[in-house]
Amino acid sequence: MVNVTRREFLQIAGVLGATFAITTQLPEGLLKEVSAEELKELKQAAAEVKTYVRNLSLGGGSWGPSNCVAVDVKNGRIVRIRPLHYDWKYKPGKDFQTWSFEVNGKKFEPPLKTLVAPYALVYKMRVYSPSRLRYPLKRVDFDHRKSPNQRNPQNRGISGFVRISWDEALEILTSELKRIKETYGPYAILVQSDFHGESKAVHTRPGAIRHFLRNFFGGCITQARNPDSWEGYYWGAKHVWGMDGGQGQNQYRRLALYDFFLNGELALFWGCDAETTPNGHNPQRMASLTCYWLKEAGKRVINIAPDLNYSAALPYTDKWIPVRPNTDATVYLAIAYVWITEGTYDKQYVETHTYGFEHFKRYVLGEEDGVPKTPKWAEQISGVPSRTIKALARLWASKRTSMFHCNGGPTIRGQYATEPARLETYCLAMQGIGKPGVQQIQMHEWGGLNWPFGTPSRTVSAGAAARGIFGIGADPPFVPKTLIPSAILGPWPFEWYGTTLAFAPVQDQFVKYKFPPEEGYPTPRMVWTETPCWTTCWNGGNELVKAYRSSNVEFFVAQHFTLEDDALFADLVLPVTTTFENDIDIMTDNGSGQYNMLYVQYRCVDPVGESKSDVEIVETVAEKLGYDFTYGKSHFEWAKEGWANSGVQDLISWEELLEKQYYVVSVDPTWKEYAQPGFRWYWELPEGQGLNTKSGKIEFFCQWLYENFGNDPERPPVARWIPYGETHQESLFHPRAKKYPLLVVSNHPRWREHANLDDNMWLSEIATHKIRGPDGYLYYPMWIHPIDAAKRGIKHGDIVKVYNERGAILCAAYVTERIMPGAISIDHGQRLDPVYYDPDGKIGLDRGGTINLICPYKTTSKNAFGMVVSAFLVEVEKVDVFELAKRYPEAFKKKYDERSGQTTETWLARG
């Protein structure tokens, strides 16, 4: 017999890399007795396991978000996914410099393993999911050889698909590209090439399609990406202080979190779920571990939201304050009222660093409209007790308080979301934002201590390996993503303000654009999408369903891992590989909040079925049309190009990177000595200047808004409470509420990233992700308070219909006190499963629970073109699914997988 230490035993048993052994719960000193023969077998088994490094972020592109993991592969199959340990092949303190800081004698430092999001650990199930699209499909009653008016577009989403060969698929796609170009010109091709999918560089998704059409084929219509997670800050707060807010800008985020740890006392998580929103882009260090650190550092955390979200429910949160959806503006106003009447705001800062405060003060005190914005007034609207508002106002004023965000969430994605965003900024200004411990802090996408793009070290790039960009550009002709249905259906021309691009300067919002941009430009006649989830993630999804099924779209091609959502309406669907199946790639980690990295991604397993990567599809199409999209380089050479321009090519050779697979970037040891944290630079000025506003100061009265839009009642120069108006009537104070008395809270989903991974079999076992109905179908849960459930005779697990005049969906009731009365909560991103269509071409009832089908299509307000996907009116009623099955037998007898739901088989045409 031989003695083997726990570490050695676990290593040779297949958990490769010595420090990986710490993931087990065995005591460090435990010895394991094995025979020499057993030891030989274990070593042989370990030798059969190969470990690969992989970025499983679903942020998309090559720009640096990360859920970095180690992937163990045996006999050509993925056997496990686990955190990557930075010290697998590097020694901390010797090969890379670590970082830490102290608060009150307690040391805080990131662990030496990546803290990956829950979905990443089960991501192998995407490879082996019954939902995987394994070969090209064609809609059964589509024939590209027929004229456009004989292609049955009205049957999109109904008629089903048949399997075809790649040769036939390529012939259809290339012939349609040529026909559209010859008939209408290349600008009749709408490309939906966008964020929020697997992160890749060589095998770029998104961007390859757009890059090819723009640079080789003559052009296309670009879908311009809106700032979907922080609409109110973009269209509202940006006019107060010249930047997006909620996101901030690089120079204003730097060390803001570190400043709060050293100097702050109270953290306000307003509509912020740190346990959910960041997961799709980055690991749990970014937000979750930070929150536990806050508790250990003695900071107080208050969470304000309609729901006891996953962050509010954890022990680091000291108090939850429920607030009715989209009434946050009234609470901010009442807090300002308390400060003004009690004299507890920073009068000197307001006088020297802001503009137009007197206009705001008059509105708050009721001198303008005769309605003082008292806590009692706000209580009647928001549901927050007057005493709670007063206590919060006084606590905020007495403590060094920072606002925490994960991009915004539902608080900032409702109608007129510009107003709570501006009012939040006003309140921060009234307490002297920038003074020690007073910041607006971002816990999503951008790194650990709110350093721009990662920890305080070199930023790493793999962009040179990518042929394309993520497709959010506004090179003409372009259409904002929020207006795509209008681009297809008309009426034309139509106009809007601003490119809608994230981080565009505030002045862009005063520039008027139109589509088509000039006379003679075509409207979309062909759609080519690599991000087929608009219907389930954007505003007014049913409007796009109607557009896709319109004869205006003569040809629609989608490429994706699975046959779902927008792809159900395609004429041609192409199967795409997962990141595990691509031959080689190079990626970065600039956003984990732990350590920046550069790494090579080798192929883990063979492509499933006949799938190709997004780039391989474009390369093949280009070659068939006579173009060389490879630029004469192999994928390996493109990966090397990424290393050569990574920013760390002087620190690690290409050969060493290939051998080790990853490189950890050292933290700058002088990082604590950098420039002032966050907004400190502005606070230290004797008088405010330097912001991108007309005055250069924080503006309570937004001068450029007034000069361009006058007293716009939906976004006036001074922020205010707007219950409803010309554009939206989604308020309990509007007559519509008599028919639809519940307000929807729609969060980022806990167990997936937008529409990604809704089919994951392991995640579907979680009750807050799926509930099995009496018919065996996996329904999406709808949170409803016991009071509201009792009024409607609804019990936990009952199947319910959620509806308004825009359509209806089915969900399973999740009866809980984690949602306040008068509101229900349904996350966005569910897979479409239409039961029937209305005569106007929209989905009348959806079994998948796709809440975005019935949210408003109209944008934030008449002059602000963001999305509205939360805080809208609905009603809920219990249904009998067996009666529905009798009424709609075709929809309910479709073939489903017991554990993952819809599969490709669900949508194959039946003989």
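How many disulfides does a search of the whole structure find? The search finds 0 disulfides, a disulfide being a pair of cysteine sulfur atoms within 2.5 Å.

The model is predicted, so local features need pLDDT of at least 70 and side-chain atom pairs count only at pLDDT 80 or more, while totals for chains, interfaces and linings use all residues. Residues are numbered from 1 along each chain as its sequence is written, and side-chain values use heavy atoms, with hydrogens and water left out.

**Figure 1. Cys533 and Cys537, two cysteines without a bond between their sulfurs.** The closest cysteine sulfur to that of Cys533 belongs to Cys537, at 4.1 Å, which is too far for a bond. Cys533 counts as buried at 16% relative accessibility, where buried means under 20% relative accessible area, exposed over 50% and partly exposed in between (1.4 Å probe, protein chains only). Cys537 is also buried, with a relative accessible area of 3%.

**Figure 2. The crossing of helix 7 and helix 16.** Helix 7 spans residues 231–241 and helix 16 residues 418–430; helices (H or I, at least four residues) and strands (E, at least two) are DSSP runs, numbered from the N terminus. Their axes come within 7 Å and cross at roughly 35 degrees. Axes are lines fitted to C-alpha atoms, for helices over the stretch in contact, and angles run from 0 to 180 degrees between N-to-C directions. The crossing is right-handed, that is, the near helix is turned clockwise from the far one by less than a right angle. Contact (heavy atoms within 4.5 Å) is made by residues including Trp235 and Trp241 of helix 7 and Arg422 and Tyr426 of helix 16.

**Figure 3. Side-chain partners of Asp72 in strand 4.** Strand 4 covers residues 68–74 and contains Asp72, which is buried, with a relative accessible area of 0%. The Asp72 side chain makes polar contacts with the side chains of Thr51, at 2.7 Å, and Arg80, at 2.9 Å. A polar contact is a pair of N or O atoms within 3.5 Å; within protein, one must be able to donate a hydrogen and the other to accept it, and residues adjacent in sequence count only if both atoms are side-chain atoms.

**Figure 4. Ser550 in the loop between helix 19 and strand 22.** Helix 19 comprises 541–548 and strand 22 comprises 555–560. Ser550 counts as buried at 12% relative accessibility. A polar atom of the Ser550 side chain lies 2.9 Å from the backbone nitrogen of Asn552. Not counting residues up to four places away in sequence, Ser550 touches Pro153, Arg156 and Leu489.
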